[in-house]
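Take a look at the structure below. This report walks through it step by step, from the whole assembly down to single residues.

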Protein chains: 2
Amino acid sequence: MAEAVRHDKTSRQLRLLSDALDSGRLGPVRRLVNTLAPAEIGNLLESLPPGKREVVWGLVDAEDDGEVLVHVGDEVRESLLAAMDTDEIIAAVEDLDIDDLADLVEDLPATVIDEVLKSMDRDNRERLEQVLSYPEDTAGRLMNPDVVTVRADVNVDVVLRFLRLRGELPEHTDHLYVVSRRHQYLGRVSLASLVTHEDSTPINRLIDDEQPAIDVDESDDEVARQFSDHDWISAPVVDDNNILLGRITIDDVVDIIREQAEHQALGAAGLDEEEDLFSPVWRAMRRRLIWLSINLGTAFLAASVVGQFEGTIDKLVALAVLMPIVAGMGGNAGTQVLALMIRGLALGQVGAANVKTLLWKEARVGLLNGLVLGALLAVIVFFWFHSAGLSAVIFIALTANLLFAALAGVMVPVTLKRFGYDPALASSIFLTTVTDVMGFFTFLGLATLLLLH
Amino acid sequence: MAEAVRHDKTSRQLRLLSDALDSGRLGPVRRLVNTLAPAEIGNLLESLPPGKREVVWGLVDAEDDGEVLVHVGDEVRESLLAAMDTDEIIAAVEDLDIDDLADLVEDLPATVIDEVLKSMDRDNRERLEQVLSYPEDTAGRLMNPDVVTVRADVNVDVVLRFLRLRGELPEHTDHLYVVSRRHQYLGRVSLASLVTHEDSTPINRLIDDEQPAIDVDESDDEVARQFSDHDWISAPVVDDNNILLGRITIDDVVDIIREQAEHQALGAAGLDEEEDLFSPVWRAMRRRLIWLSINLGTAFLAASVVGQFEGTIDKLVALAVLMPIVAGMGGNAGTQVLALMIRGLALGQVGAANVKTLLWKEARVGLLNGLVLGALLAVIVFFWFHSAGLSAVIFIALTANLLFAALAGVMVPVTLKRFGYDPALASSIFLTTVTDVMGFFTFLGLATLLLLH
């Protein structure tokens, strides 16, 4: 059971916390919460309904506040910020890394942003403004300008002396970046190579210049792809003139990968991945209503197809009993193809070069499954309704609908993508419209042609 | 569009490759393929149908073969291994890290495994056997026994001299582990602290003993959770006696996170995340047939409910036209709740402590949406069929079914989890069974009670 363990551990904490909250003993709650890492506290806050959430938030050590805010979804963050006054917010965010602060800053009230900017020294303010000048979802927003650079024309001992003077390195520093006098990126030197080479080794012998730098305009999806394809821990970010601007670290990339997955899973149900589990009823309702209304529209389309055959159903009511099976099975078969296609599109494995081959493969799988399940269904229907004609009709209709489902499962996401829409979000509505309409139409149409004399 | 970029880049490569393959010019194909990282080559191979895949696989540099095999899904790996002879396989895998080799070894033919073991030195063979002795999906299988350890009672200069003698460090070494004489784990020292402290600093002043070691029996999901909650790059693995056995690195954790996401996305459609996009038609068909057969069973359950009301439909055929709307909208509304719940369960945010609160929230959202959409539907139905009675029936039935859908959306995954099943896999079948059965039953039942005199 894939998620059992996390569930067990976190939900045990949740249980303990809930019991302690219910009993009003806040001392144990405070102790429990403050043994956790900020990300764990964030996760726990997400799992609490508004009232309890506010109580627990008040008990979190002030020094963890900033990191916790970084680790929760937009909606929960909003609810936490609402419980803080301006001074508390400033105290919470002023020690954050620039990239984390940039991530938070747009959720802060304008007056607070001004105060935060005023409380920063000029250097940091300029860095923050630089990061904020890049569009969201690009490398520029993900990077931290805090990098350690060295020159190529020195020896290991010079670098080590420099580092000892400098003191602590930024988190996740696995490489130092080698730059020219004009701060152009030349390559990187790993800490591992510094500690395994003699003091007298020149840095330019240790430079790895094979790893390309990331362009500041690169999308965060492309950044995530490069990190996981190349197993990077950190990577340099440069502008068009190859000037080193900052670095991106793997922890931010892990967050992107998780968000992409949530975006796909929740997006397919018309939800936003930032949605709070306990968002207010009115807000949750209005948001879902949009998606459900679109679905209502497509349901009417399918119903209007059935409506065309009222006369047929009136004469043979068994059709009404069986028609949802034909439509529903098409939806199920199409959903399987869709799941494979959406993964393939997300990984870049599906494109113009292989769509035809995939279509041919899926058409055959759909047809074969249609024949097998159609035959099975025909036998059952024969014993249920004692009509060979009805058996024949449902056999043909199911086979045809599973074939349509396979074709739609391949073509709907590919077409959406070609026209610039996110296939993970809209595919399933289009697919079930096709399988419902085609399912009802073939089944009732064939029945009209073959069974009514 | 979240995946557009990856798609664009990879599918451009795919296009180029496909064109070159079609024209029979293998020189350009070879050059193109061998500019890519092994993970990228793996991705490209996954996107090729069997014939082309084999041709391109033959053109990959022999030295990349092992890494490519590590980076493809089980089914594709099988197809690649089938194209290699024993010597090629041994050459491909013998330079892999122990953890990667352990990952591969069970897919190799038994004779090849023997040969591989024979070709390894005793040390490595014992390490591999140790890793293989742990169950799959545990920390023991993920770890690499290749770690660099130091003693606490030496100074920085001693460690630096030791490292210079040792030479290259294992990939992603960000910390050295401090162990006792009996190889018990005591803490870790970062390379960053080694290079920022004077030669004379004693190691025991630099030890970070706050990060707990990972237990060798820990599940890989729990390992992934700890890595992402604590932003680790690597972590030590110990046995029950705190003896250091190896280390896990973030690159393997990123793979786990990706696999978890694919498992959820494909599992919900009854598919395995290892499935090859181009798996043979017969194999793909048989695998999907199982899931579709289960769905056929539940479809019959729903159809049998409709069957109970044949007499009613016979008298009022409009019911047959409208009943799929009631059932389908319930399915859609329930799917939204389910998506939120499955994420919450995976993150440990949903448990016994808050299920009641969630149920109450979702019940209200469902009821409100039911009232709004029910009213809208009632108005449309009135103008379509000119029957106030039918309008009233569909209003009540839709409202009730959206309420049932909300309750089922919360309770189905929670109940599956409590009984030890993976909610990501089976929830949606149970949910749509509930919404179909309840949708047909309330709508047709109410119609029988209220409209037939």
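## Two copies, one axis

To compare copies, they are superposed by least squares on the C-alpha atoms of residues with pLDDT of at least 70 in both. Two copies of a chain are related by a rotation about an axis and a shift along it. The model here is a predicted one. What turn lays chain A on chain B? A turn of 180° does so, with a shift of 0.0 Å along the axis and an RMSD of 0.1 Å. That is the relation of a two-fold axis. Both copies use the same surface, since 99% of the contact residues of chain A recur in chain B.

## The interface

The size of an interface is often given as the accessible area lost when the parts come together. Here, chain A and chain B bury about 12600 Å² between them. Of that area, 66% is on carbon and sulfur atoms. Which three residues of chain A supply more of its buried area than any other three? They are R164(A), L277(A) and Q336(A), and they supply 6% of the area that chain A buries against chain B. In terms of contacts, 132 residues of chain A meet 131 residues of chain B.

## Domains and cores

The domain assignment splits chain A into domain 1 (4–137), domain 2 (149–249) and domain 3 (281–451). Between the C-alpha centres of domain 2 of chain A and domain 3 of chain A the distance is 53 Å.

The largest nonpolar core has 121 residues. Which of its members touch the most others? I248(A) and I248(B) do. I248(B) has a long list of partners beyond four places in sequence, including A139(B), L142(B), M143(B), I214(B), V223(B), F227(B) and V253(B). Another core, of 94 residues, lies apart from this one. Among its members are A299(A), L377(A), L444(A) and M329(B).

## A covered helix in chain A

Helix α15 of chain A spans residues 220–230. Is it mostly covered or mostly open? It is mostly covered, as ten of its eleven residues are buried. Among the buried residues are D220(A), D221(A), E222(A), R225(A) and D229(A), along with V223(A) and F227(A).

Now look at the two ends. Before the helix, S219(A) sits in the loop between β4 (214–215) and α15 of chain A. S219(A) counts as buried because its relative accessibility is 16%, and buried means under 20%. The C-alpha atom of S219(A) is 28 Å from that of G409(A), 190 residues away along the chain. Just after α15(A), D231(A) takes a positive phi of about 55°.

## Positive phi in chain B

Most residues other than glycine have a negative phi, and most peptide bonds are trans. D137(B) is not a glycine, yet its phi is positive, at about 65°. D137(B) lies in the loop between α10 (122–132) and α11 (139–142) of chain B. Its relative accessible area is 49%, so D137(B) is partly exposed.

H172(B) also has a positive phi, near 60°. Where is H172(B)? It is in the loop between α12 (156–166) and β2 (175–179) of chain B. H172(B) counts as buried, because its relative accessibility is 14%.

## Three more residues in chain B

Start with S427(B), in helix α22 (residues 423–451) of chain B. Its relative accessibility is 0%, so S427(B) counts as buried. The side chain of S427(B) reaches the backbone oxygen of P423(B) at 2.6 Å. Beyond four places in sequence, S427(B) is in contact with L338(B), I342(B), V412(B), P413(B) and L416(B).

L371(B) belongs to helix α20 (residues 355–385) of chain B. L371(B) counts as partly exposed, because its relative accessibility is 37%. Beyond four places in sequence, it is in contact with F395(B) and T399(B). L371(B) and G420(B) are 49 residues apart along the chain, and their C-alpha atoms are separated by 36 Å.

H71(B) lies in the loop between α5 (65–70) and α6 (74–81) of chain B. With a relative accessible area of 24%, H71(B) is partly exposed. A polar atom of the H71(B) side chain lies 2.8 Å from the backbone oxygen of E67(B). Beyond four places in sequence, H71(B) is in contact with P38(B), A39(B) and E46(B). H71(B) and I250(B) are 179 residues apart in sequence, but 15 Å apart in space, C-alpha to C-alpha.

Conventions: Residues are numbered from 1 along each chain as its sequence is written. Chains are lettered from A and ligands numbered from 1 in the order in which they are written. This is a predicted model: local features need pLDDT of at least 70, side-chain atom pairs count only at pLDDT 80 or more; totals for chains, interfaces and linings use all residues. Side-chain values use heavy atoms; hydrogens and water are left out. A nonpolar core is a set of buried Ala, Val, Leu, Ile, Met, Phe, Trp, Tyr and Cys residues joined through side-chain atoms within 4.5 Å. Buried means under 20% relative accessible area, exposed over 50%, partly exposed in between (1.4 Å probe, protein chains only). Contact means heavy atoms within 4.5 Å. Helices (H or I, at least four residues) and strands (E, at least two) are DSSP runs, numbered from the N terminus. A polar contact is a pair of N or O atoms within 3.5 Å; within protein, one must be able to donate a hydrogen and the other to accept it, and residues adjacent in sequence count only if both atoms are side-chain atoms. Domain bounds come from an automatic or database domain assignment. Buried area is the accessible area (1.4 Å probe) that two parts lose on being put together, summed over both.
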